[in-house]
Structure formats: C-alpha cells, structure tokens
There are 2 protein chains.
Amino acid sequence: MKKHADILVENGIVITMDEDNSMITDGAVAVVGDVIEKIGGTDDFTEWDADNRIDAKGGIILPGLINTHTHAAMTLFRGLADDLPLMAWLNDHIFPAEAKLAADHVCSGAYLACAEMILSGTTCFCDMYLFEDAVAEAAHQAFIRAVVGEVLFDFPSPNYGSWENGLAYSKQLMDKWRDDRLITIAVEPHSPYLCAPALLKGAAELAHDNDAPLVIHLSETRAEVDGLLKKVKKTPVAHLADLGFLSSRLIAAHCVVLSPADIDLLKIHDVKVSHNPESNMKLASGIAPIPELLDAGVCVGLGTDGCSSNNNLDLFCEMDMAAKLHKVNRLDPTVVDARSALKMATIDAARVLGLDHMIGSLEPGKKADIIVVDTRKPHLTPMYNPVSHLVYAASGADVSHAIIDGRLVMDNRELLVIDAEKAMADVRSIVGAGQ
Amino acid sequence: MKKHADILVENGIVITMDEDNSMITDGAVAVVGDVIEKIGGTDDFTEWDADNRIDAKGGIILPGLINTHTHAAMTLFRGLADDLPLMAWLNDHIFPAEAKLAADHVCSGAYLACAEMILSGTTCFCDMYLFEDAVAEAAHQAFIRAVVGEVLFDFPSPNYGSWENGLAYSKQLMDKWRDDRLITIAVEPHSPYLCAPALLKGAAELAHDNDAPLVIHLSETRAEVDGLLKKVKKTPVAHLADLGFLSSRLIAAHCVVLSPADIDLLKIHDVKVSHNPESNMKLASGIAPIPELLDAGVCVGLGTDGCSSNNNLDLFCEMDMAAKLHKVNRLDPTVVDARSALKMATIDAARVLGLDHMIGSLEPGKKADIIVVDTRKPHLTPMYNPVSHLVYAASGADVSHAIIDGRLVMDNRELLVIDAEKAMADVRSIVGAGQ
C-alpha cells in the first residue's frame, strides 16, 4: 500500500539543524497531521502519495525560524520615532502612545506582526506586552506558534491594575490557553528595575508551580546596571541570583552589560539568553558579549525586540547582524560563524523557549514547523553553501512557503490563514498614519 | 495642447533628496527622453498624457540608489568561503579562484550583479576589478549606469601585464567608452600597499589629464596601516598626500583606520569616502569613523564592496547597517540618522562619484534614474515616516520599479532588459556550484 503524507515538501536542500548537522542535498520532508513523519532523499518518497506536494525547486527546506523576544503589537509604532536618545524615545513617544492602548489595538497590532513574521519565515515567537490575551488570540487566529505573557511591573497596569492582580491574570491566561496547540503562557516581569523583589519572587514561584517559562529584560543598558548597583549594590544578574530568580526556565532578553561573574551566574543556573542585536544597536544600548556567552556554554537565541526599535521583525536580518556585529567588535572574522547564527534562530532558539522537544529542527516526531527558501534569484546565485546564503545573502522576502503545526500557512508567498490586507487596514485605521 | 511624458510615475510619496529635502506626499515625476521633465503633485499632471503611466500606489518614489564601491564580478565567489581570517580568505580561496578568471567570466559575473543591483534598487555602481572592459560591456548590456576602472598594481596582471600597460589600457578604456551614455571610466590603483609611488603618480596624472575619477582602497585594516607606517613612516593617507595623490576626484574606499590628522587631510583635499560597513564587519576590519568624517565635512557614500565579503549587493541593508553600527559604536542613538543614511546612498553617493550634476536626486533636468518602493506590505505598515522605512524596515525586495537614464528597466519586479534566468545559468555553469 502507498504511504501517505498530508504535505510532502520535496526537491530541496534539507537543512535539519539536528545534532549531527545533517543536510540532504536533494531531499524531502513528509508531514502527517501536525508532525514530521519522515525526512529523506526526494527519491525515497516516489512510492508516497500526498494531499499537497510542495516543490522546493532546488531551494532550501529548513525549520521555521523562532523569534525569542518581541513585543508584537509594537508594529503600531513602527517608525513613529527614530534616532533619539532612549529616554526621549520612551518618555516622549512610546509611553504616551502606549497609554492610549486598548486590548483590540494590541490584537490588531499583533495580528499584523504575525503576518510579517510568517512572510519572513518566522513560525514561533516569544512575546511580552500589555493585554497579552489579545496577543494569544491574534496568534491563535493567525495560526502561528507563540509563547506569550503579560508584562508585570510595580506600578498599576491599564489592563490588570496591581501586580498581585497581574500574577492572578497570568494564572488565568494559563488556565484559558492550556489546551491550545500553539500557545504557551509565560510569566513575564518586565525587569529588575521596574519590579520589586516581592513581584520577582511571586513571578518565579508562579512559573515554577506551573512549569511555565519565565521572561525578563535583563542588563540591557549601562544606565540600568549602574542604577541597580547604586540601589542594591549588585548587578542585576547578581540581584536576581540572590532572589532565587535564576533558573533554566528563565529567558533573559538583551544581557548587553554583563560582568564575567554575571556570565558565570547565567551559566551555573542554565539561564537562557535572547540576543537582540538590531534593537541594541539602534537604541545604542551596547553590544552583548555573545562570543563570551557561547564560550561559557550559555544557550543563546535571537530576537528582534519590538519593531519600533528595529524596525522590522525579519530574523534573516537579525542572523546577518549577529554574525557581522561580533566579528567587527572582536576584530575576529571567525566568531559567530554562519552555522552558529542559524542555530540561534532555530534549534537554540527552541531551547531558549523550552520547546526544543517539539520544534527548532527537522526530525521525525517533531512538530511540522517548516519553511522553504526560494534560491532561484540573482542575489542567491551561485550557491556554494546554503547556510552561508541563509545568514549572509537572503532576506525574509526569499521565504516562499511556511508550514506551522502541520498546516500550510503560506504558499508561494500567499498567506493562507491571515487576511493581510485587512490586517494592514486595521492598523492604519487605529494609528491614522500612512496610505 | 496636452503635455507629454514618455514615462509618468504617479501616486507616490516623492522623496527628492534635493537641497531643501523636498517631499511631496501625493506626487508624480514626468520623464521625457533621458531626463526628469517635471516633479509635482499627482494633480498637477491631470492634463498630461504619457506613453507609460506607472502607478506607485501610495509607495515611495526616490532617486535610484548608488553603490560607490563594489567588485561586481565577485558574484562568482558569493559564499565560496566565509568566517575566515582575511589572509586565509584571500590567499586560500579568493586569489586562487581569481587566478583562473577570464574576461568572459568577469562579464557573466558582472551581468548577474547588474540583475541583483537593479532588483534591489541600485541604478549606478562604481566598480574595480580585472577585465573591466567586460564589466563596462555587462553594464552597457544590462542598461545600468556605472563608473568602471581596471585595477592596477605593481605585479603583472593577467589582463594587461605590467602596470605601465595597465595605465595605457585604462586610457584605451576611456577612448572606447567616451560616448557611452551610461559608462564613465575611472583610473583605479588598488591600494598604497600594492602600488609603488611611480604607479600612484602615473594614475593620478592620467585621471587628472582626462578629468576622470580616481579610485583606491585606503586604510582598510590596522595591518595595512601598520605595514605602511613601518615601510615609509607615514600613514597611508599621509603617504598619498605627500605623493600629490589626494584630490577632489579621489574616491577612497573603506577608510577604516584613520588618525585625526588623516581626517584633516581627507577634508583639506576634498577626498570622497566610500563607506562599506557590511564588508568591514564581515571581514572584521574595523569600524570606519563615519560620524567624525561627517562632522569634519567629508563627503561619504555607501558601498557594498564585492558580494563575497557581504554577501549581497543590497544597499538597503547597507543603509540600515550604517545607521545602526555607528549608533552602537558611539553609544549615541542620534548619530547617522535615517536621512543621513539615505543621503549616503543617493545624493552624497553621486557627489562621491562626481556625478551629482546628473544623478542622486530627483530634480528637473537631471537624468531620470528613479526607483519605486512598494509599501503596501505588513513590514512597511503603518507608515509614519517614509525615510525611516527606507532605512530601517525595507529591503531591496520591496523595490517594484526602476528607471535608468529614462528607460524602464524593471516593471513590477520584472527585469525588462536583463534576462535573469540566463544570467544565473551562465554563472552557475562557470562556477559549477549549486542548483
């Protein structure tokens, strides 16, 4: 009897990102239901039938990219203000704009972000913002995998009020979304400088009790570190260590200003790091010591941060930037090579989110989150090394197909689930800007 | 009587890049022959007829981008070797590959580069390589504007033999291409470390006598500067100054390692600088002091360098990189703002090449080198500020139309002059790599 696949992606270079760095030159991936059934040479599937055969036409078949840190709804403020000092940008532009937000705005902004992410090959993202139930709803509607958590801080939130209510709200989100096939709820205190020890401890407990990811902004700028050094005589990392906040479930975004002792603490506690080079550069925060973190054995994934400090959500740009930034910073062209950058956007990003048992590589039994990159283009010709092309030459616009949890969500650059025209029109009508 | 345009680009945001930073929100540009006839509001053209009306659909109409430094034919080696120390990359990979080159290979590689450049919004480039007659031929066939010059150095060239012959060959190129509407011939000694004083002086004289641009690699790495300091007790810039080589016609590529005295010399002699941030980062050469050069009043344009150290020719990526790199390097988010980056890819790039009387801005009487960016996409929505979008959010793939010297060369991403399939197939057959 013929073997059957729901989707068969064939005639491509399969970059699996598995432990052995397996690559198949003329390969195919068979999807049954929401999982990868088999990977092999295209020839191995001649006996298979498939409901949907996708011809990769010599392009690259790889795991969907994973964005380990963003604020999806900030599409609403993309390009609202640039080239400003951080505090002027936040206080004069972003915070006043955010003060007027409501849940439906956040849903529309996040939905547009989902369109942009899928169009640029991202199939999973980790989000922190206000009104995160609306972000979960947007991701659910868009059919993209997401780790979402309500931002928590000491001052009252327009969504939930006090931080104690914020913790309760986070728990409600967990209960509401527990059975969703795409959504994971995280606990997300904003940062050591906006969260008092009681909130940090409560957040860590809630995450621990529910086996949920814990997300925080950590040591993003020199001013933040100096502020905490002055206030509690410790670096932010040491402060969190003393509170018992550091653990393998913690996703620490930015980690730009770290001491060697901080790096040791991150390693000892198996903290995961989300590296956001474009945002750190645009806001002039500094350059995270990524080669040092990698040398220490810390797991690092890439993130775009919110697109108002980027200004897009394209992880191909982020890979390119990460690979180049650390080379010039260290004056060493061998650091963060192309494969390391690709790992930070795939399997290591999955490890950062605690989802590497499900996603981040193409392996039988894993969830079918798969993208295809069309390489039949002048800027991707010739092709000596497909990994080099993904990091140094391609952009998100080269992604032709995306499959998430076994469902084809983009076919030859046409979004099949999201109504992109409506997503754009909704955001334009909210912000009243452009076109 | 109705006024007539050969091409009318309408319904767009016109960013002129003229002296006054003029922008027209719903504007149009009329082209007659090879020049811009009129720029105004779309409403100003209701009485006009046009052979070809291009609807910008609310997108951005701007001058074609100008790449001030590349080695177009190095598309042949795109991704051949990455993440290596500079000397290993050059000696073990690039030089052996280049030793096998012939003129027809260079023509094919350059032709493919022309396809990539037009597809990413570049309408003019400045090239240095071997067999530059073939590059001029490729640009002529592709219908893209180009400044080209044969690379000159002390050791024998596979193309022309001795450097004396190289100068004669450069003069022959000038004579051959003098009347071409798109091609300008430059004199291009490789660098102070590969060119003895006699060659440098001969090159400067030839450029001066023929009113031609003069192009050189200058102070690209610390090792180069240290080498010359040891050999002649002067920095490369000071060495060239003493030889009478510095002038307003000189285009100095890279300028990464400069002393304050070097910057003064560049300013005093009105030397033009080509800034190549992605190549400098990928090769770990260092970070050029661009804010200091701009503060000193030196004219700076952007270049991609050859795509084997980049690995593409997309000036949108280069603008984004330039704006972000200097912010993080100076820990100041206000340096190299979006408009400065866009200037470095348009009007200031035209000044670098000595072509600002013809191109670099949209103004009546200038040559019609025009591109349209399609902004009806999730990653360019909403649009508060089109200049921000061009630098921080767009990529070359967002360019929908390109006009060069009054001729439509790309229509809704379809190349009209270049046969892209043939260009890719030719290069694949030369290098025997990929697909």
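Copies of a chain are superposed here by least squares on the C-alpha atoms of residues with pLDDT of at least 70 in both. This is a predicted model, in which local features need pLDDT of at least 70 and side-chain atom pairs count only at pLDDT 80 or more, while totals for chains, interfaces and linings use all residues. Residues are numbered from 1 along each chain as its sequence is written, and chains are lettered from A and ligands numbered from 1 in the order in which they are written.

**Stop 1: both chains**

Select chains A and B. A turn of 180° and a shift of 0.0 Å along the axis lay chain B on chain A with an RMSD of 0.0 Å. The two copies are therefore related as by a two-fold rotation axis. To find the axis, select Ala397(B): of the residues of chain B, its C-alpha comes closest, at 3.3 Å.

**Stop 2: the side of chain B that touches chain A**

Two residues are in contact if their C-beta atoms, placed from the backbone, lie within 7 Å. By that rule, 58 residues of chain B are in contact with 59 residues of chain A. Select helix 15 (420-431) of chain B, one of the helices that each supply at least two residues of this side; helices are DSSP runs of H or I with at least four residues, and strands are runs of E with at least two, numbered from the N terminus. Helix 15 of chain B gives the largest share, six residues.

**Stop 3: helix 5 of chain B**

Select residues 197-209 of chain B. The 13 residues of this helix should span 18 Å at 1.5 Å a residue, and its end C-alpha atoms are 18 Å apart, which agrees; the expected span is 1.5 Å times one less than the number of residues. Among the buried residues of helix 5 are Leu199(B), Gly202(B) and Leu206(B). A residue is buried if 20 or more other C-beta atoms lie within 10 Å of its own, with C-beta atoms placed from the backbone. Just after the helix, Asp211(B) takes a positive phi of about 50°.

**Stop 4: helix 4 beside helix 5**

Add helix 4 (163-177) of chain B, one of the elements that the buried residues of helix 5 pack against. Helices 4 and 5 of chain B pack at an angle of about 10°, with their axes 10 Å apart. That makes them roughly parallel, a term for angles under 35 degrees. Here Trp163(B), Leu167(B), Ser170(B) and Lys171(B) of helix 4 meet Leu199(B), Gly202(B), Ala203(B) and Leu206(B) of helix 5.

Definitions and conventions: A residue is buried if 20 or more other C-beta atoms lie within 10 Å of its own, exposed if 12 or fewer, and partly exposed in between; C-beta atoms are placed from the backbone. Axes are lines fitted to C-alpha atoms, for helices over the stretch in contact, and angles run from 0 to 180 degrees between N-to-C directions. Angles under 35 degrees count as roughly parallel, over 145 as roughly antiparallel, 65 to 115 as roughly perpendicular and the rest as oblique.
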